[in-house]
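Let's walk through this one together, starting with the ligands and then moving on to some helices and single residues. Keep the viewer open as you read.

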Amino acid sequence: MTTSDLSAFISRLDFAWITTFHIIYPPLTIGLAAMLFIAEWRWVATQDPYWYRLCRFFEKLFVVNFGAGVATGVTMEMAFGILYGPFSQAAGPFFGQVLGYETITAFMYEAGFIGLMLFGWGKISRGMHLFATFNVAFASTLSAFWILDANSWMQTPGGVTLKDGVFQISDWAKAILNPDFLYAMPHMVVASIELSLCFVAAVSAWYILGRRHVALFRRALLWSVLTLIVVAPLQIWLGDGLGRVVAHDQPAALAAMEGHYNTLTPTGQPNTGWHVVAWPNAKGDGTVWAITIPHVLSLLETHSWNGTVPGLNDFPKDQRPPVVIPFYAFRAMVAIGGVLFLVALWAAWLAVRGRLSVERIASNRWFLRALIVSGFLPYLAVWTGWWTREIARQPWVVYGLMRTRDGVSHLSAAAAIFWLVGFMLFELMVWGGAWYFFAKVIRRGPDLDSPIPAPGTESLGHLETDPDEDEEAGYFRPV
Amino acid sequence: MNTLTHTQDMLAFAWWIALSVSVLLYIMLDGADLGAGILTLFLGDEDERGAVMAAMAGTWDANETWLVVAGGVLFGTFPFVYGSAFTYLMVPLALVLWGIMTRAVALEFRHLAEPRWRRFSDWAFGLSSLGTTFFGGVAVGAALKGFPMTHPAHGIPTYVGGALRFLSPFSLWTGAAAVLAVMLAGGLFIRARFKRGEPIRDHVARWTDPAFYAALACVAITVGWSALIFPWAAQKWFGPQFWIWGVLLIAALFATARMRRATRDERDLAAILWFNLTVAILGVAMIATMYPWLVPNTWTIYSGASPQVSMITFTLAMAGFFPVMVMYNWYQLWVFRARISKLVSYHD
Ligand code: HDD
Ligand code: HEM
Ligand code: HEM
């Protein structure tokens with residue numbers, strides 16, 4: 001490895017680290033905001049105080065998560081220019097514009113309402129508050145829309161021509177609605193919803209297991225688990241669609257995800273075998289060992305019994321992605337998708353048998369424990385999904401058009417290490433803080449006593465009052 | 001390298017105005033938060049520190065978003081500048097980002113922290129406010145100096161020159177000047193946000209005077225120093241159009257004098273508004289001095305702009321989203337306008 005290879009490698013690690021530590025937070029922001037909106041809407045419509053208490057409780061967790069998301073997200077926007085300067089310059093006309101729209105339509109939009117949502121209880125009318133919550137949910141989904149668009153354009157770059165080192169846009173519609181986006185965006189949004197459902201179910205299960213606030217959290221648990229029955233299979237279906245887009249547009253990436261080396265068997269038949277587990281050999285042109293099921297690969301990727309799937313050996317050596325991480329990360333994600341579906345089915349079965357009633361729910365101890373574990377799994381799926389996606393598209397930063405090595409900034413290895421060490425420290429600190437405060441809010445439990453804000457608007461105080469007037473300190477933290 | 005059509009030139013110019021407005025709004029809005037954060041380093045009372053943080057809890061995120069917006073506009077419309085200047089400024093920007101991260105955590109999580117951690121978290125908050133401001137100022141000073149680039153025959157020039165090139169006496173000075181200026185803004189913010197009779201208001205009032213003179217001196221020194229080392233600035237200031245700069249200077253001095261009056265009379269909101277008017281005048285003067293450079297001697301607005309700037313996207317953003325967003329941001333500031341007392345930090 002030459003020095004410039006080394007510094008390019010560390011720059012890639014730098015970027016991988018900060019995205020990995022940012023993506024922990026946005027999915028919960030997106031999904032939980034939507035759930036908070038529904039709960040608040042039920043409260044406004046039915047006046048049932050349980051909905052209000054659930055809203056306020058999960059909102060505390062939302063705040064912690066949101067703070068961490070902002071802290072790690074501002075970095076992301078600067079990082080493209082710092083670590084991937086030449087890429088940012090070349091792709092700027094499309095990629096930069098899309099991110100620019102994101103900041104305007106999503107972040108600014110969200111920021112205009114988040115304060116109202118968190119601190120506006122009792123200060124603004126119920127209708128206005130519900131409107132604020134809706135807008136937070138909507139804006140964070142919009143941000144997923146734009147970000148995913150930018151990223152999927154890098155995967156399937158349509159509508160551009162590369163001229164004088166710049167990607168010129170020839171067709172906006174084609175660039176925005178690129179093939180990968182049509183599956184990746186819903187897949188990510190549904191991942192966010194699935195993650196949030198599992199999160200809420202896990203927290204609720206923990207309380208019910210400890211027989212605290214059983215009636216309150218039974219409602220949260222029931223709603224989220226029953227929604228999961230629809231969402232979990234939907235996610236699997238979308239994932240399958242996404243996989244076929246990859247098979248079609250990034251054949252080398254798909255071959256790496258499946259550890260698939262030879263297109264044809266030695267006898268000249270299509271190689272249809274799907275590896276359950278495998279390990280690549282030292283030369284990188286086959287596996288040392290593998291457990292293989294025939295026909296499954298063709299079924300998965302071509303939906304036919306004997307379809308051909310191009311193997312890695314069909315690609316020039318310098319266009320083959322690494323295999324081990326995409327291969328195992330992909331399997332981990334798919335396995336999690338399946339497990340979550342089974343958990344949802346289990347819940348449906350218990351519900352049908354009437355075992356999720358307030359009196360009986362706490363006695364399903366293994367089910368509740370499984371739910372707690374399921375709270376962590378989607379996080380792992382999001383990580384492994386992204387690692388699959390980003391590593392299997394190597395060596396390209398813009399697939400087929402620009403190589404990663406031409407996109408990285410000319411940093412010295414020392415500068416790249418400075419960045420890595422600093423962000424390891426600070427992002428682990430944010431992560432540790434988020435864990436610690438999640439645990440603390442959960443241990444403390446919901447607040448069931450403070451008065452529920454009356455409908456209508458309280459006085460907002462005055463901007464400039466004369467010095468003797470006693471102003472109302474109408475300002476408080478949500479906790 | 002200028003590949004833009006005439007309409008695109010005008011669009012690049014318009015986006016440049018939008019970029020400048022975002023940067024200025026960021027400095028005005030978050031400057032006060034940062035300054036108040038630095039001032040908490042000098043507050044002995046834990047509840048007062050907590051109250052200062054509570055005073056910005058509802059709005060700091062929206063304020064900081066202007067920085068993100070500026071970044072977004074820069075990336076979207078001036079990608080050639082974004083991709084090279086940010087590489088040049090890697091080290092100060094990384095330090096700013098760590099500061100922003102620490103600040104966000106200290107602010108958002110403080111009310112949950114154990115009392116023994118609170119002291120630590122308060123220090124982290126004050127120091128990260130200080131670090132963010134200082135390195136932000138360093139980055140601005142370094143950008144004013146420009147940077148060297150590659151000269152490819154085809155393709156886009158990009159930064160070469162190492163990670164430490166940003167360091168110079170001038171950039172260190174702008175960092176220090178930013179800290180002093182922002183402390184003045186923070187003092188005015190604290191005075192406006194707290195109820196009359198709160199000890200913290202009087203405490204801060206005692207610093208406003210020295211902070212005021214220090215900030216004034218900082219501006220004078222920065223302007224003088226720039227005139228000495230930046231020919232592009234001196235040419236404009238002492239050229240045939242010198243009277244424009246004279247008028248701006250008088251306007252700035254007038255706004256400053258009104259701000260002093262307002263502070264003395266305890267009209268806190270008026271003081272903040274006059275202060276921000278001064279900042280706006282100085283900012284506009286500085287941006288106009290740089291024109292047509294976006295980064296002096298490195299990128300002009302026109303050479304740095306994306307060849308794809310288009311009327312449609314500009315209109316969409318400016319006529320559609322911008323005004324709506326500004327409206328809601330304003331509404332949010334309005335809802336959280338009431339003054340507070342230090343007791344708020346007790347709320348649990
Ligand atoms: C699927 C959704 C998603 C994904 C893949 C990403 N983000 Fe993100 N991001 C969000 C969804 C989101 C969010 C949910 O909207 C956040 C969390 C908290 C917030 O304010 O917005 C956020 C925060 C956030 C912020 C802070 C905004 C603020 O100050 O309010 C920035 C600048 C970014 N992100 C930028 C990025 C970049 C450049 C990404 C590319 C790798 C990225 N994010 C991945
Ligand atoms: C949607 C937003 C995202 C965008 C626009 C994006 C963009 C990029 C870019 C520009 C690179 C560097 C070029 C390259 O190495 O190919 C990269 C690399 C990488 N990203 Fe992402 N990324 C996104 C999300 C994520 C997430 C959420 C994760 C992890 C959870 C992730 C993990 C990685 C990894 C592991 C690499 C390094 C790949 C390698 O160099 O081997 N990315 N991404
Ligand atoms: C059986 C179920 C699943 C299948 C078949 C599946 C399939 C896929 C595929 C093919 C990719 C794209 C890889 C690439 O582009 O190279 C992907 C990415 C991803 N997956 Fe899944 N997935 C499944 C379950 C899940 C679950 C349960 C989650 C989270 C809750 C999840 C989150 C993600 C994320 C965040 C990405 C990266 C972003 C994206 O491409 O949209 N996946 N998945």
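## Ligand 1: a shared site

Ligand 1 has residues from both chain A and chain B around it, so this site is shared between the two chains. Chain A supplies two or more shell residues from each of α1 (3–22), α2 (26–46), α3 (49–83), α4 (85–119) and α5 (126–155), and chain B does so from its own α3 (60–77). The top contributor is α3(A), with eight residues. Bear in mind throughout that this is a predicted model.

How many residues are around ligand 1, and which come nearest? There are 22, and the nearest are A:H22, A:F66, A:G73, A:M76 and A:S143. Sorted by type, the shell has 13 nonpolar residues, six polar ones and three charged ones.

## Iron and polar contacts at ligand 1

Which protein residue is the donor to the iron atom of ligand 1? That would be A:H22, through NE2 at 2.3 Å, and the iron has no other protein donor. You'll find A:H22 in helix α1 of chain A. The side chain of A:H22 also has an N or O atom 3.0 Å from a nitrogen atom of ligand 1.

A:S143 makes a polar contact too: an N or O atom of its side chain is 2.7 Å from an oxygen atom of the ligand 1 molecule.

## Ligand 3

Now over to ligand 3, which is surrounded by 23 residues, with A:A184, A:H187, A:M333, A:W386 and A:R389 the closest. Three side chains are worth clicking on here. A:H187 has an N or O side-chain atom 2.7 Å from a nitrogen atom of ligand 3, and for A:Q235 the distance from such an atom to a ligand nitrogen is 3.5 Å. A:R389 brings a polar side-chain atom to 2.9 Å from an oxygen atom of ligand 3.

The elements giving two or more residues to this shell are α7, α8 (214–249), α11 and α13, and they belong to chain A. With seven residues, α8(A) has the largest share. By type, the shell around ligand 3 splits into 14 nonpolar, six polar and three charged residues.

## Two helices checked for length

Does the geometry of α2(A) point to a straight or a bent helix? Let's stick to the numbers: at 1.5 Å a residue, its 21 residues should span 30 Å, and the end C-alpha atoms are indeed 30 Å apart, so the two values agree. The buried residues of α2(A) include A:P27, A:L28, A:I30, A:L36, A:E40 and A:W43. Their packing partners in chain A are α3, α4, α5, α7, α13 (377–392) and α15 (413–444). After the helix comes A:Q47, with a positive phi near 65°.

The same check works for α11(A), which covers residues 324–352: its 29 residues should span 42 Å, and 42 Å is what separates the end C-alpha atoms. A:G354 follows α11(A), and its phi is positive as well, near 75°.

## Three buried residues

Start with A:V74, which is in helix α3 of chain A. Is A:V74 buried or exposed? It is buried, because its relative accessible area is 5%, under the 20% cut-off. Beyond its sequence neighbours within four places, A:V74 is in contact with B:E64, B:V68, B:L97 and B:I100. A:S224, 150 residues away in sequence, is 31 Å from A:V74, C-alpha to C-alpha.

A:A202 sits in helix α7 (residues 179–209) of chain A and is buried, at a relative accessible area of 9%. Leaving out neighbours within four places in sequence, A:A202 touches A:L371, A:I372 and A:G375. A:L368 is 166 residues from A:A202 along the chain, yet their C-alpha atoms are 7.8 Å apart.

Last up is A:T156, in the loop between α5 and β1 (160–163) of chain A. A:T156 is buried too, with a relative accessible area of 8%. Outside its neighbours within four places in sequence, A:T156 has contacts with A:N178, A:P179, A:D180 and A:D249.

Conventions. Residues numbered from 1 in each chain as written. Chains lettered and ligands numbered in written order. Predicted model: local features only at pLDDT ≥ 70, side-chain atom pairs only at ≥ 80, totals over all residues. Heavy atoms only, no water. Near = heavy atom within 4 Å. Polar contact = N/O pair within 3.5 Å; in protein donor to acceptor, adjacent residues only side chain to side chain. Helix = DSSP H or I, 4+ residues; strand = E, 2+ residues; numbered from the N terminus. Nonpolar A, V, L, I, M, F, W, Y, C, P; charged D, E, K, R; others polar. Buried < 20%, exposed > 50% of the residue type's maximum accessible area, 1.4 Å probe, protein only. Contact = heavy atoms within 4.5 Å. Donors = N, O, S within 2.8 Å, 3.2 Å for Na, K, Ca; no water. Expected span 1.5 Å × (residues − 1).
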